[in-house]
Amino acid sequence: MGRIVNATFMTLDGDITNMAAWHWDYFSEEATAAAQAQLDRSDALIMGRKTYDGFSAAWPQRSGTDLFADRMNSIDKYVVSSSLTDPQWTNSHVLGGADGDAVAAVREVKERTDRDILQYGFGDVTRLLLANGLLDELRVWLHPVISGAAKPDELIYRDTARANFTFNGSEVFGNGMVILSYTPANAAQ
């Protein structure tokens, strides 16, 4: 059975959305290698419509430029959406709306997947996964910067149900970025 692993890039003040202003300053060779290894351990991606729209506009343009882009373009992609009907990005599949049907569909994907199912970013789909015990690991890529630019809906800590986690470990890069790994207390075993 596959594990759903969320990878979220975040600043010290909880900003998870304004990455163009702070992310690339800290994406060193160490971080690039860790990101490639994380993607290589995955059989699929899972995302919401907003992430799909951004990724499907960007990654196909980079096809053939590097191993990461080629893997992003070839891997199976599952999109939780009630509005996307005909995804054009290679190997993309729609998993109903953000309701019980999507939850059942995600469970089926987990059952038929052998390795990790990677999710980037933290939003409605992540909250759905957490609420239904489907998220197996949360990896926060903590950047040593305060963005000062995030609006309340651009922060990781906003209106959401309480969730407890168990610390798995960390990876520290020379530039101060840290990957913190946690298992949700209610993750399906």
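The questions and answers below go through a predicted model, one label at a time.

User: Why is D15 called buried?

Analyst: Buried means under 20% relative accessible area. D15 has a relative accessible area of 0%. That value is under the cut-off, so D15 is buried.

User: Where does D15 lie?

Analyst: D15 is in the loop between β1 (3-11) and α1 (29-40).

User: What makes the link between D15 and S147 a polar contact?

Analyst: The cut-off is a pair of N or O atoms within 3.5 Å. The side chains of D15 and S147 are joined at 2.6 Å. The side chain of D15 also has a polar contact with that of N18, at 2.9 Å. Both values are within 3.5 Å, so both fit the term.

User: Which residues is D15 in contact with, leaving aside its neighbours within four places in sequence?

Analyst: Contact means heavy atoms within 4.5 Å. Outside those neighbours, D15 is in contact with F9, M10, W22, S147, A149, A150, E154 and L155.

User: What is the order of the strands in the open sheet?

Analyst: The 8 strands run β4-β3-β2-β5-β1-β6-β8-β7, with mixed pairing. The edge strands are β4 (92-94) and β7 (165-172), as each pairs on one side only. From one strand to the next, the twist averages 25°.

User: How do you know that β3 and β4 pair?

Analyst: Two strands pair if there are at least two bridges between them. Strand β3 (residues 76-80) and β4 have 3 bridges, in the parallel sense. That meets the cut-off, so they pair. Within this pair, Y78 stands opposite H93 in β4.

User: Which strands does helix α3 touch?

Analyst: Helix α3 (residues 67-74) packs on the sheet and touches β2, β3 and β5. Its direction makes about 60° with that of β3. Helix α2 (residues 49-58) lies across β2 (42-48), β3, β4 and β5 (116-120). It runs at about 115° to β2.

User: Why is β8 called largely enclosed?

Analyst: Strand β8 (residues 178-184) has 7 residues, and 5 of them are buried. So the strand is largely enclosed by the rest of the structure.

User: What makes β6 and β7 partners of β8?

Analyst: Pairing needs at least two bridges. Strand β6 (residues 137-143) has 5 bridges to β8, running antiparallel. V140 has L180 as its bridge partner in β8. β7 has 7 bridges to β8, also antiparallel. There, T166 is matched with T183. Both counts meet the cut-off, so both strands pair with β8.

User: How many residues lie between β7 and β8 in their hairpin?

Analyst: There are 5 residues between them. In the turn, G176 has a positive phi of about 100°.

Terms used. Residues numbered from 1 in each chain as written. Predicted model: local features only at pLDDT ≥ 70, side-chain atom pairs only at ≥ 80, totals over all residues. Heavy atoms only, no water. Helix = DSSP H or I, 4+ residues; strand = E, 2+ residues; numbered from the N terminus. Buried < 20%, exposed > 50% of the residue type's maximum accessible area, 1.4 Å probe, protein only. Polar contact = N/O pair within 3.5 Å; in protein donor to acceptor, adjacent residues only side chain to side chain. Axes fitted to C-alpha atoms, helices over the stretch in contact; angles between N-to-C directions.
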